[in-house]
Structure formats: structure tokens, C-alpha cells
Amino acid sequence: MTLQSELLEIGKSKLTQMKTLLDEMEVQFVLGKAEAKEVLERERKNFVKYVGEQKDQFRMANEKTESHRNSLREKLEALEAQLSKGFSSNKKLFEPAKKATLHAIYELESTAKAATGEVGIGLQARLGLFKNKLDDYRVKLALLEFENAADLVAPQEDLKTAVADLLEALKKEASTGEKIDVFAHEMSASFDHMKKAFSELLS
């Protein structure tokens, strides 16, 4: 379940609870305005506290996730830059380029391993598929000799495309954190509107 769908489920659950509360308040309204006001204020405080706690938890989780996303983005961009350089037709320059590309791959693999479990499920799935392509390319590159450099052109283009796709997925996941803040703000605002409506009704 994604973070967004979890939030929607939590929101639906809280809204259902609020509907039950409103039904109870209708009964209490008949019994007495003062008691209804107390119940409304108590529930408002509980709800605001809950929304605040959830927002803090999501923000802390998002900050940790954002750190991993930034590290992944940095390593992916470094690999993308190295792949874009290609390999020199000069034998002397071939080995340093090969070593630099392998180094960028090792750095990315280490960062991806650290991010496992710390990024969204969708991104983790993409990382798993990407890792297979990366492993395949790394093995071919490690065994590659200068004379056969042309054999790596097609796999290199495939890997460049996979890197670009993963960078796009990182960008999309980053926007989820912003949606969480908007959701929490909207939930608080809707409760404030409801409180105002009840205050006017009970006054």
C-alpha cells in the first residue's frame, strides 16, 4: 500500500468517525447545548492532535526518504554523465573511462542498497528491476576488452534509458511528500469549518 493510499484510508476512517460523532451530537443537541459544546471541543482537540501527530510522523519519514532519494538522484546523475561520455577509441583512454564507469556503478549500487526499505514501494520495485540491468551491464563492462568495445554500445544505451526512467520516478515520488502536507492541512481546515458551523448552530 502506498503512502498516499494509506493517508486516504486514514482520512476515510477519521471522516467516518466524525460522521458518527455528528450523529451523536445531534442527539446531544436535543439533550443540551452545553454538553454538546463540550463534546465538540474535546473531539476537536483530539482530532487536531491526531492530525498534528500524523503530519509530524509523515514529515519525519518523508525527510529520511528525501535524503535517500537525493543520494540516489546524485549517484544516478553521476552514472548518467559517465555513460554519456562513452568510451574513447583511444586504447590509452579506454581503461580510465572503464574504471570511472565501474566506480560510478559501485557507488550507485551502495546507495541503492542503503535506500532499500527507505523509499516508496513503487520506487523499490523499479530499483529492483533497474538493479538487474545494472548488474548485467557491470559484468559485461568488467570483462570488456578494448577490441570489443563496440559490443557494449547497445547495452549502454539501454542502461542510459533505464537511468533516465528511474530519475523520472524519483521526481514523481518526491511530489508525494508535498501532497501529504496539503492533505493534513485540508483535514484541519475542514474540521475548523465544521466547528464554526456547529458554534453558530449552538449559539
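Gln-156 is buried, with a relative accessible area of 7%. In this predicted model, Gln-156 belongs to helix α5. A polar atom of the Gln-156 side chain lies 2.7 Å from the backbone oxygen of Leu-83.

**Fold and confidence**

The protein has 5 helices and 0 strands. Along the sequence the elements follow the pattern α-α-α-α-α. Of its 203 residues, 33% count as buried. The mean pLDDT of the protein is 79, and 77% of the residues reach 70 or more. Confidence is lowest in helix α1, residues 3-31, where the mean is 72. Helix α3, residues 91-115, has the highest mean, at 90.

**Helix α3**

The 25 residues of α3 should span 36 Å at 1.5 Å a residue. The C-alpha atoms at the ends of α3 are 37 Å apart, which agrees with that expectation.

Both ends of α3 have a local feature. At the N-terminal end, Asn-90 acts as a cap, with a side-chain oxygen 2.8 Å from the backbone nitrogen of Lys-92. After α3 comes Gly-117, whose phi is positive, near 85°.

The buried residues of α3 include Phe-94, Ala-97, Lys-98, Thr-101, Leu-102 and Ala-104. Also buried in α3 are Ile-105, Leu-108, Thr-111, Ala-112 and Ala-115. Lys-98 is thus a lysine among the buried residues of this helix.

**The aromatic pair**

How many aromatic pairs does the structure hold? There is 1 aromatic pair in the structure. The ring centres of Phe-94 and Phe-146 are 5.5 Å apart and the ring planes stand at 75°, so the pair is edge-to-face. The cut-off behind this assignment is a plane angle over 60 degrees. Phe-94 lies in helix α3 and Phe-146 in the loop between α4 (121-143) and α5 (153-202), so the contact ties together parts that are 52 residues apart in sequence.

The two rings belong to residues in separate accessibility classes. Phe-94 is buried, with a relative accessible area of 1%, whereas Phe-146 is partly exposed, with a relative accessible area of 22%. The value for Phe-94 falls in the buried class because that class means under 20% relative accessible area.

**Helix α4 and the second largest pocket**

For α4, 23 residues at 1.5 Å a residue should span 33 Å, and the end C-alpha atoms are 33 Å apart, which agrees. The buried residues of α4 are Leu-123, Leu-127, Phe-130, Leu-134, Asp-135, Tyr-137 and Leu-141.

Which helices each supply at least two residues of the lining of the second largest pocket? These are α3 and α4. The largest share of that lining, 6 residues, comes from α4. The second largest pocket holds about 200 Å³ of space. Its lining includes Leu-108, Glu-109, Ala-112, Lys-113 and Thr-116. Gln-124, Leu-127, Gly-128, Phe-130, Lys-131 and Leu-134 also line the second largest pocket.

Some lining residues also appear in the lists of buried residues. Leu-108 and Ala-112 are buried in α3 and line the pocket. Leu-127, Phe-130 and Leu-134 are buried in α4 and line the pocket as well.

**Buried leucines and contacts distant in sequence**

Three leucines can be placed alongside partners that are distant along the chain. Leu-141 has its place in helix α4 and is buried, with a relative accessible area of 0%. Leu-152 lies in the loop between α4 and α5 and is buried, with a relative accessible area of 2%. Leu-167 lies in helix α5 and is buried, with a relative accessible area of 14%. The table gives the C-alpha separations for these leucines.

| Residue pair | Separation in sequence | C-alpha to C-alpha distance |
|---|---|---|
| Leu-141 and Leu-102 | 39 residues | 7.6 Å |
| Leu-152 and Phe-87 | 65 residues | 9.5 Å |
| Leu-167 and Glu-74 | 93 residues | 9.6 Å |

In the pair of Leu-141 and Leu-102, the partner Leu-102 is itself one of the buried residues of α3.

Terms used: Residues numbered from 1 in each chain as written. Predicted model: local features only at pLDDT ≥ 70, side-chain atom pairs only at ≥ 80, totals over all residues. Heavy atoms only, no water. pLDDT = per-residue confidence, 0-100. Helix = DSSP H or I, 4+ residues; strand = E, 2+ residues; numbered from the N terminus. Phe/Tyr/Trp six-rings, centres within 6.5 Å; stacked < 30°, edge-to-face > 60°. Buried < 20%, exposed > 50% of the residue type's maximum accessible area, 1.4 Å probe, protein only. Expected span 1.5 Å × (residues − 1). Polar contact = N/O pair within 3.5 Å; in protein donor to acceptor, adjacent residues only side chain to side chain. 1 Å grid on protein atoms, 1.4 Å probe; cavity = no way out; pocket = protein on both sides within 12 Å on 5 of 7 lines; lining within 4 Å. Points joined across faces, edges and corners; volume = space filled by probe spheres on them.
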